[in-house]
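This report walks through one protein chain, from a single side chain to the fold as a whole. Please keep the sequence and the coordinates open while reading.

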Amino acid sequence: MSIVISDEILTTTRMTEAEMRQEIAVLLFQTEKLTLAQASRFALMNRIAFQHLLASRQIPVHYGVEDFEQDIKNLREMGRL
């Protein structure tokens, strides 16, 4: 699915396309609609940069057992563990 945000909306909000993506990603992460990984991909940011964005807004990272297990699996697949 594609969503089109008009230039008028961007102009009204005085945001760039990247800033709008970040705002949507933060909102969806904050309301637990997206995981950290999903939200960072939506924002077109690496996970660390997205975590810094969240930290700058004092938004806690929801990091549960499933996230930890997925990170371990990913690290093993990458040969880093």
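Is R57 buried, partly exposed or exposed, judged by its relative accessible area? In this predicted model, R57 has a relative accessible area of 35% and is therefore partly exposed, because that class covers values between the 20% limit for buried and the 50% limit for exposed.

## Overall fold

The protein holds 5 helices and 0 strands, and its elements, read from the N terminus, follow the order α-α-α-α-α. Its C-alpha atoms occupy a box of roughly 50 × 25 × 20 Å along the principal axes, and the radius of gyration is 15 Å, whereas a compact globule of 81 residues would have one near 12 Å.

Of the 81 residues, 20% count as buried, and the accessible surface comes to about 6400 Å², with 55% of that area belonging to carbon and sulfur atoms. Among contacts with a separation of 6 or more, 31% are between residues 24 or more positions apart.

## Salt bridges across the chain

Side chains of opposite charge can pair when their charged atoms come close. With a side-chain nitrogen of Lys or Arg required to lie within 4 Å of a carboxyl oxygen of Asp or Glu, the count comes to 3 salt bridges. In one of them, the side chains of R57 and E23 meet with an N to O distance of 2.4 Å. R57 belongs to the loop between α4 (47-56) and α5 (65-77) while E23 sits in helix α2 (residues 17-30), so this pair ties together parts that are 34 residues apart in sequence. E23, like its partner, counts as partly exposed, with a relative accessibility of 32%.

Another salt bridge joins D71 and R47, whose closest N and O atoms are 3.2 Å apart. This pair also links distant parts of the chain, since D71 is in helix α5 and R47 in helix α4, 24 residues apart. The two partners fall into separate accessibility classes: D71 counts as buried at 17% relative accessibility, whereas R47, at 27%, counts as partly exposed.

## Helix α5 and what follows

Helix α5 also contains a salt bridge between E77 and K73, with the closest N and O atoms 3.9 Å apart. These two residues are 4 positions apart in helix α5, so about one helical turn separates them. E77 is exposed, with a relative accessible area of 58%, and K73 counts as partly exposed at 45%.

The length of α5 can be checked against its residue count: at 1.5 Å a residue, its 13 residues should span 18 Å, and the end C-alpha atoms are indeed 18 Å apart, so the two values agree. Just after α5, G79 adopts a positive phi of about 75°.

## The N-terminal region

M1, I3, I5 and I9 make up a nonpolar surface patch of about 480 Å². Of these residues, I5 lies in the segment before α1 (7-13) and counts as partly exposed, with a relative accessibility of 32%; this value allows I5 to join the patch because patch residues need over 30% relative accessible area.

Further along, R14 is located in the loop between α1 and α2 and is exposed, with a relative accessible area of 74%. The C-alpha atoms of R14 and M1 are separated by 25 Å, the two residues being 13 apart along the chain.

Terms used:
Residues are numbered from 1 along each chain as its sequence is written. This is a predicted model: local features need pLDDT of at least 70, side-chain atom pairs count only at pLDDT 80 or more; totals for chains, interfaces and linings use all residues. Side-chain values use heavy atoms; hydrogens and water are left out. Patches are made of residues with over 30% relative accessible area and no salt bridge: like charges are joined within 9 Å, nonpolar side chains (Val, Leu, Ile, Met, Phe, Trp, Tyr) within 5 Å. Accessible areas come from the Shrake-Rupley method with a 1.4 Å probe; for residues, only the protein chains shown count as cover. Buried means under 20% relative accessible area, exposed over 50%, partly exposed in between (1.4 Å probe, protein chains only). The expected span of a helix is 1.5 Å times one less than its number of residues. The radius of gyration is taken over C-alpha atoms; the globule rule is 2.2 Å times the number of residues to the power 0.38. Contact means heavy atoms within 4.5 Å.
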